[in-house]
Protein chains: 2
Amino acid sequence: MSPTELAAPSFFTEYLPHVSVDCVVFGFDAKGLQVLLLKMKHCDDWALPGGFVRQQEGVESAATRVLQERTGLEQVFLQQFRVFSEPRRSAANKWTSENEDLQAWLNQRFITIGFYALVPFEKVAPQPDSISDACSWWNLADVGKLMLDHNAILHSALEALRLQMRYQPIGYNLLPEKFTMPELQKLYETVLGQTLDRRNFQRRMLDFGLLEKLPERKTGVAHKAPFYYRFNKTQYDKALEEGLAGGW
Amino acid sequence: MSPTELAAPSFFTEYLPHVSVDCVVFGFDAKGLQVLLLKMKHCDDWALPGGFVRQQEGVESAATRVLQERTGLEQVFLQQFRVFSEPRRSAANKWTSENEDLQAWLNQRFITIGFYALVPFEKVAPQPDSISDACSWWNLADVGKLMLDHNAILHSALEALRLQMRYQPIGYNLLPEKFTMPELQKLYETVLGQTLDRRNFQRRMLDFGLLEKLPERKTGVAHKAPFYYRFNKTQYDKALEEGLAGGW
DNA sequence: CCAAAAGTGTTACGTTTACACCCATGG
DNA sequence: CCATGGGTGTAAACGTAACACTTTTGG
């Protein structure tokens with residue numbers, strides 16, 4: 001091995017070749033459902049945050065690392081949902097870089113493992129990576145053409161999330177610790193893309209037994225002030241494990 | 001490149017390194033749910049049918065190829081359900097072979113993409129592959145310790161299948177073209193691991209609108225002969241796309 | 001004091017569950 | 001001719017959906 005190689009360890013030795021992870025990071029605020037995107041260098045496209053898998057780590061750990069680097073968050077809800085592997089998905093890879101090793105690396109054919117993450121919007125400090133020059137939230141409705149097949153990945157993640165909501169609770173990772181019932185409902189309506197009855201929603205949510213009503217109400221709001229709630233983490237985790245409803 | 005290499009193309013050039021697919025193949029007969037397993041050479045373990053991904057194919061296509069080779073079937077219901085990638089899952093890889101290239105290949109660390117398949121039991125002609133010396137059906141209840149983490153993969157596949165049954169029909173790929181209602185019920189009971197009410201099951205199934213009642217009854221059977229049914233493929237495929245029930 | 005938003009309750013409806021009766025067949 | 005399994009129907013229980021009234025607050 002030459003001194004040059006020793007000085008600059010290659011992507012090819014650090015990571016598993018041909019394998020990547022891509023994360024669809026969902027956040028939620030008053031404007032609706034947001035997704036974290038990166039503006040790639042030397043091109044106009046935006047892309048999902050992604051990364052590669054080290055020789056000695058699992059894909060979950062790789063995705064967690066990506067999330068930590070882009071958002072600053074340590075603990076996030078992360079779920080693998082599908083593998084995207086059509087050879088032609090990488091056909092458009094035409095990276096040029098002064099770093100020849102990086103260039104060769106990026107122009108590989110990649111099999112990517114899709115994850116979606118649910119994160120607390122207001123706690124995220126978006127950070128671009130080495131091949132992007134911006135990292136920021138996009139309202140889901142405003143997302144345009146993304147790099148490669150990232151639009152399909154995003155769409156697929158949203159479908160997986162909607163499916164998962166049928167039998168698992170969401171919200172713990174998307175809302176602040178204290179939240180009101182209307183806020184929780186807004187979250188559900190936004191993700192599901194449909195409006196729900198206010199009273200039935202509240203009853204159903206409470207019947208799940210995951211919520212604790214706090215004695216305080218929201219302040220500084222017009223009209224009648226709603227109560228705050230928080231999740232009972234114990235019950236919430238139990239519901240994540242066991243599921244909420246059954247069909248058979 | 002040396003003539004030797006030209007004469008014997010390497011696994012390393014034909015396939016993507018570090019990536020494999022493993023298939024949990026479910027079949028169904030009178031004895032219950034069956035799973036297709038391979039008896040590995042030079043060791044007592046049985047394993048799930050698996051394979052590798054060619055440089056220019058997607059993982060679905062790799063899994064389809066594996067299925068075709070092991071079962072002889074062209075069209076099978078195939079569903080990717082999870083990626084297994086913990087580095088230590090491959091830690092036990094200690095293959096020895098006279099083919100040095102193969103040996104080095106098999107001793108890589110692998111990220112495997114888990115698929116489950118639903119196939120018509122009676123149409124399958126199990127075929128071992130080059131690193132196994134038997135391929136046969138096992139009753140799910142009789143499956144013992146499998147190679148590597150294959151027990152976990154099998155368990156996870158069954159969970160995914162049970163979950164999927166909540167909102168998608170199954171049966172088309174697991175039953176012969178004509179089947180009776182008790183047979184269909186047996187299938188559901190076996191996969192779900194619980195007994196169901198005969199009359200409610202029938203009503204529910206018929207209400208889905210996927211079944212066509214045939215004018216003929218089963219022959220050569222003790223007691224009252226049940227009617228045959230078959231799936232309406234059009235409706236069935238529609239249900240696969242759109243799902244059966246909703247929660248919200 | 002009124003429009004807008006939130007808290008709470010009730011009724012109607014449909015779906016699922018539980019269960020009963022009759023029919024057909026082979027031993 | 002009867003035990004076993006299959007075809008069909010109905011009533012009760014449950015959960016969901018639809019909807020009304022009251023309370024609170026800022027403008």
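**Close-up 1. Side chains of chain A at the bases of DNA strand D.** In this predicted model, a polar side-chain atom of Lys224(A) is placed 3.3 Å from a base oxygen of DNA strand D. Arg203(A) also reaches a base of this strand, with an N or O atom of its side chain 3.3 Å from a base nitrogen.

**Close-up 2. A side chain of chain B at the backbone of DNA strand D.** Here the partner is a phosphate oxygen of DNA strand D, which lies 3.5 Å from an N or O atom in the side chain of Lys213(B).

**Close-up 3. The protein surface near DNA strand D.** The strand is surrounded by 19 residues, of which Arg199(A), Arg198(B), Arg199(B), His223(B) and Lys224(B) are the closest. Of the atoms of DNA strand D that come within 4 Å of the protein, 46% belong to sugar and phosphate. Helix 7 (198–208) of chain A and helix 7 (198–208) of chain B each contribute at least two residues to this surface, whose composition by class is ten charged, five nonpolar and four polar residues.

**Close-up 4. The interface of chain A and chain B.** Each side is represented in the contact, with 37 residues from chain A and 37 residues from chain B, and the two chains bury about 3000 Å² between them, 61% of it on carbon and sulfur atoms. Ten residue pairs are in polar contact between the chains, whereas zero salt bridges are found across the interface. On the side of chain B that touches chain A, the elements giving two or more residues include strand 1 (15–29), helix 3 (59–71), strand 6 (111–118) and helix 6 (181–192); the residues of that side divide into 20 nonpolar, nine polar and eight charged.

Key: Residues numbered from 1 in each chain as written. Chains lettered and ligands numbered in written order. Predicted model: local features only at pLDDT ≥ 70, side-chain atom pairs only at ≥ 80, totals over all residues. Heavy atoms only, no water. Near = heavy atom within 4 Å. Polar contact = N/O pair within 3.5 Å; in protein donor to acceptor, adjacent residues only side chain to side chain. Helix = DSSP H or I, 4+ residues; strand = E, 2+ residues; numbered from the N terminus. Nonpolar A, V, L, I, M, F, W, Y, C, P; charged D, E, K, R; others polar. Contact = heavy atoms within 4.5 Å. Buried area = accessible area lost by both parts, 1.4 Å probe. Salt bridge = Lys/Arg side-chain N within 4 Å of Asp/Glu carboxyl O.
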